[in-house]
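Work through the exercises below with the model open. Each task is followed by a stepwise solution.

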Amino acid sequence: MSQSKIYDEWENLCEEQEKAREAYFKAFACVNQKFTAMGQGVSNENPSDSELSEFDEAWKAWKDVKDRMRQFAKDNA
């Protein structure tokens, strides 16, 4: 693979990782806010099933892209 193609592919992975990271932290914030409020005794509202599913899927997507980046680095180092 040419240096140019390696760079382009790495840039794409970096952009994908940034989007996945943002999605994860957005989903985490929602779930964390509800658990924190419960712990502080100001709410008894649990995160919904859809919020927990979104959190789980966001984690899996972020982990997937990080794993692909790790493999890419090994393959192209």
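**Exercise 1: salt bridges in helix H2**

The structure holds nine salt bridges (a side-chain nitrogen of Lys or Arg within 4 Å of a carboxyl oxygen of Asp or Glu). This is a predicted model: local features need pLDDT of at least 70, side-chain atom pairs count only at pLDDT 80 or more, and totals for chains, interfaces and linings use all residues. Residues are numbered from 1 along each chain as its sequence is written, and side-chain values use heavy atoms, with hydrogens and water left out.

Task: find the N to O distance in the salt bridge of Lys60 and Glu57, and place the pair.

Step 1. The distance is 3.9 Å, N to O.
Step 2. Both Lys60 and Glu57 sit in helix H2, residues 49-76 (a DSSP run of H or I, at least four residues, numbered from the N terminus; strands are runs of E, at least two).
Step 3. They are three residues apart, about one turn of the helix.
Step 4. Lys60 is partly exposed at 46% relative accessible area (buried is under 20%, exposed over 50%, partly exposed in between; 1.4 Å probe, protein chains only). Glu57 is also partly exposed, at 47%.

**Exercise 2: a network**

Task: which residues are linked with Arg68 in a network of salt bridges?

Step 1. Arg68 and Asp64 form a salt bridge at 3.0 Å, N to O.
Step 2. Four residues separate them in helix H2, about one helical turn.
Step 3. Glu16 joins Asp64 and Arg68 in the network.
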